[in-house]
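Trainee: Please take one part of this predicted model and look at it closely. I would like to see how that part sits in the rest of the fold.

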Amino acid sequence: MTAPTTSVNSPPSPGWFTSADGRLEDFRPLVEQATRLDDYPHADAMERNVLSYGERLSRAVGVPGGRREVQAELARALLEGPGIVVFRRAFAADVVDRATEVFAELIEEQKATGLAGGDHFAKPGANDRIWGALGKFALCAPGVFADYYANDILALISEAWLGPNYQVTSQPNVVNPGGQAQVVHRDYHLGFMDREQALAYPAPVHLLSPLLTLQGAVAHCDMPVESGPTMYLPHSQKYRPGYIAYHSPEFIEYFNTHYVQLPLEKGDAAFFSPALFHGAGTNRSAGIRRTANLLQVSSAFGRAMESVDTTAICTAVFPALKALPATGRAARNLIAVVAEGYPFPTNLDRDQPIGGLAPQSQAQLLSQAVEEDWDVARLRAELAAQQERTRA
């Protein structure tokens, strides 16, 4: 399996992408190619350039060696093919219905407390979203949770993309009639950064990032196109500078003209590379509350070897940090070592991405403390408050 490329004879990746990277003339040959159904023998159909799996896959995974063969095909479809696969009837309808009832209860509890869910790519409060739903679901209805997450399609595709020991997170999302489409984007990790933040990461990280996460969505109701199911641009995950390019007006315009949408039935599930250009569609229906369980499955390899109490370390070294020159690299270098520079994982109920794509990181808080000349007591209090916000 080879890394995605812009063309057969594409040049080697640069050390860093620049704001000038992203050319439609390079992008269009990738996304305008046709998916060949014959290249994917376990797929039942190809709909609008997207592979659809069902009965053939079910038969194949039941024979010796069949599971690995199917998983190899699925991984190839996500990396080298259209970047998205749909599983028809992946979840039993009755199991989905019971889970939907639990989600509805949790949403009503949120509303009763006055909690409005912030969003990464939509106006806060426009939709009904449950952050941290995996734990809430398990504690609220463990039997229903067990029936739902024992699902083998979820395990099949997660293992195909990430291998074993993956971590599942869940954010059910209800888009009400009139809910507007999201702007096109890529997803976690680099997709949760603005262009300037993404440019700080070298090109190999842009290629690595989508290999660490699998995106998925389980339909919890029938989703005709007028209800606004997710918009996709098949094959766009293969565009190397895509985490830079998707911010550009010409790429946004191209996406808005060429995206595809697939109607889904309750229990269907779509899984895709986080590098695929995509966005939720506008719900133009009269009365469909488009309900999906958005799944994000993370690689076991996105973890450090040791656990580190960065809060205690930040507090201990703060006086020495403030004594460093205000200009130069020394202070920045020290902050990179002692503080958690990445704002995730967090509790998005309390630590919401309002006003940006991500909450403030511990490193950003520590930098603020230096710039504003806090004393140790204030830093300790602010770090403790931040730590409480991120607690599950």
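**I153 and its surroundings**

Mentor: Leaving aside residues up to four places away in sequence, I153 touches L57, F87 and A90. I153 belongs to helix α7. With a relative accessible area of 16%, I153 is buried, because the cut-off for that label is under 20%. Distance along the chain is a separate matter: L134 is 19 residues from I153 in sequence, and their C-alpha atoms lie 18 Å apart in space.

One of the contacts of I153, F87, leads to the sheet, since strand β3 covers residues 84-87. The sheet is open and has 8 strands, in the order β1-β2-β3-β9-β6-β11-β5-β4, with mixed pairing. Its edges are β1 (45-47) and β4 (128-129); each has a single partner strand, so one side of each is left without a neighbour in the sheet. Helix α7, residues 152-162, packs on this sheet and touches β3, β6 (213-219), β9 (269-272) and β11 (290-298). The direction of α7 makes about 160 degrees with that of β6.

Strand β3 also pairs with β2 (residues 50-53), in the parallel sense and over 3 bridges. In that pairing, V85 of β3 has L51 opposite.

Elsewhere in the chain, helix α1 (residues 24-31) has F27, L30 and V31 buried. Seen down the axis of α1, its buried residues fall within an arc of 85 degrees, so they line one face of the helix. That buried side packs against α11 (249-258). E25 and P29 are exposed, on the face of α1 turned away from the buried side.

Two cysteines can be added to the list of buried residues. C314 is buried with a relative accessible area of 0%, and C221 counts as buried at 16%. A disulfide is a covalent bond between the sulfur atoms of two cysteines. The count of disulfides in this model comes to 0.

A word on confidence. The mean pLDDT of the protein is 90, and 93% of its residues reach 70 or more. Over residues 1-9, pLDDT stays under 50, and the model has 20 contacts for that stretch beyond four places in sequence.

Key: Residues numbered from 1 in each chain as written. Predicted model: local features only at pLDDT ≥ 70, side-chain atom pairs only at ≥ 80, totals over all residues. Heavy atoms only, no water. Pairing = 2+ DSSP bridges. Helix = DSSP H or I, 4+ residues; strand = E, 2+ residues; numbered from the N terminus. Contact = heavy atoms within 4.5 Å. Axes fitted to C-alpha atoms, helices over the stretch in contact; angles between N-to-C directions. Buried < 20%, exposed > 50% of the residue type's maximum accessible area, 1.4 Å probe, protein only. Arc of directions from axis to C-beta. Disulfide = S-S within 2.5 Å. pLDDT = per-residue confidence, 0-100.
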